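Consider how the strands and helices of this chain are put together. The description below goes through them one group at a time.

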Amino acid sequence: MGSVRWAFRCGSWTPTRSDWLFAARCIQREEKDRIGQFVFAKDAKSAMAGRLLLRKCVCERMGIPWSEIRLERSPRGKPYLAAPLKVSPDSGPEPPAWSFNVSHQGDYAVLAAEQGVQVGVDIMKTTMPGSSSVPEFFRIMTRQFTAYEWTAIQSGGLEHQQLAAFYRHWALKESFIKAIGTGLGFNLQRVEFHLSSELLTHKHALRQTKMHLDEEEEEDWVFEESLLDTDHHVAVALGPADNAGSARLRPSLPPPTSFTLLSFRDLIASASPLTEEDPACWDSFKMKAEAPQRQRETHASK
Ligand SMILES: CC(C)(COP(=O)(O)OP(=O)(O)OC[C@H]1O[C@@H](n2cnc3c(N)ncnc32)[C@H](O)[C@@H]1OP(=O)(O)O)[C@@H](O)C(=O)NCCC(=O)NCCS
């Protein structure tokens, strides 16, 4: 069974003209068009990194040539491999299918992929709320977490600790929602996380956190938590594949893997162009402001 955990620091990526134009040629046309529509460069870069991460993973881990990969989205937006369906036409047992997911927020884009299970990943950066105080922000968010989770979130002394606990819970919930692919519309009160008391560090991923679904502990789901740096929490949800029957997930999983930080050269190492060069897409990219004014100020004042 294989595992992939990759991160790319898109926040500090300043693509050159040739980098951007090459990257744009190496993703599907509709994705290039979607990325061109972002108002801010930060969003365009993170979405571009997400697409390159997906294709790199399918190409290098599933052994499919870059130019043959066709990614589509489920009706709720989750990317999946639509073609080619069979990696090798030879007979013999089919290897367990790969599942993958990306997330981009704060300064990173991340990808988690795993064989034989379904995967969701979410990254959250701990940031101060923009226009309200922390208590007011928590009040607005009341319905996203259960009473048990709020007690855990608010048990930290300092506001920053409480916010870090908030975003840690958030990443866990999102990772589950992203693994099952439902997106908005899932009643978040149905899932409740019970965090491990073990300290989360940069060094290794933890797998002790438990999820309760409709008040029952879910033994078939595993949550891997890591810190990419002090401010960025990542949660990876690993659940039984649709065709897994009643097989238990935990014993078959490889040990938790830490995220590997990739460079832009790594991202495009296996890439090959799918479309012609389109100079207009650089012209439009270089006109974009990096991020909304408020985010840029928060960043600069750090
Ligand atoms: C897409 C969604 C599932 C996650 O969005 P997000 O956390 O803002 O964004 P992330 O950066 O983590 O993930 C975005 C990526 O996930 C993938 N994605 C999109 N829809 C998805 C879905 N339904 N399921 C899984 N992955 C999805 C895509 O690759 C997307 O990147 P792209 O659009 O650039 O290709 C969002 O629509 C959503 O429904 N979020 C739940 C909202 C909520 O109530 N959260 C509260 C948690 S406490």
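Two strands are taken as paired if DSSP finds at least two bridges between them. By that criterion, in this predicted model, strands 6, 11 and 10 form an open sheet in the order 6-11-10, with antiparallel pairing. Its edges are strand 6 and strand 10 (222-229), each of which pairs on one side only. From one strand to the next, the twist averages 15 degrees.

Within this sheet, strand 6 and strand 11 (residues 232-240) are joined by nine bridges in the antiparallel sense. Two of the residue pairs can be picked out to follow the register. Val117 has Pro240 of strand 11 as its bridge partner, and Ile123 has Val234 in the same role, again in strand 11.

Strand 6 is an edge strand of its sheet, which raises the matter of its surroundings. A residue counts as buried if 20 or more other C-beta atoms lie within 10 Å of its own. Strand 6 (residues 117-125) has eight of its nine residues buried, so the strand is largely enclosed by the rest of the structure. One element that lies across the sheet is helix 6 (residues 159-180), which crosses strand 6, strand 10 and strand 11. Helix 6 runs at about 150 degrees to strand 6.

A further open sheet of three strands has the order 7-8-9, and its pairing is also antiparallel. Here the edge strands are strand 7 (191-194) and strand 9 (216-217), each pairing on one side only. Strand 8 (residues 210-213) pairs with strand 9 in the antiparallel sense over two bridges. In one of the pairings with strand 9, His212 has Glu217 as its bridge partner.

The remaining group is helical. Which residues of helix 1 (residues 17-25) are buried? They are Trp20, Ala23 and Ala24. Seen down the axis of helix 1, these buried residues fall within an arc of 100 degrees, so they line one face of the helix. The spacing fits a general rule: an α-helix has 3.6 residues a turn, so residues three or four places apart point the same way. What do the buried residues of helix 1 pack against? Their partners are helix 2 (29-36), helix 3 (41-62) and helix 8 (279-286).

Technical notes
Residues numbered from 1 in each chain as written. Predicted model: local features only at pLDDT ≥ 70, side-chain atom pairs only at ≥ 80, totals over all residues. Helix = DSSP H or I, 4+ residues; strand = E, 2+ residues; numbered from the N terminus. Buried ≥ 20, exposed ≤ 12 C-beta atoms within 10 Å, placed from the backbone. Arc of directions from axis to C-beta. Contact = placed C-beta atoms within 7 Å. Axes fitted to C-alpha atoms, helices over the stretch in contact; angles between N-to-C directions.
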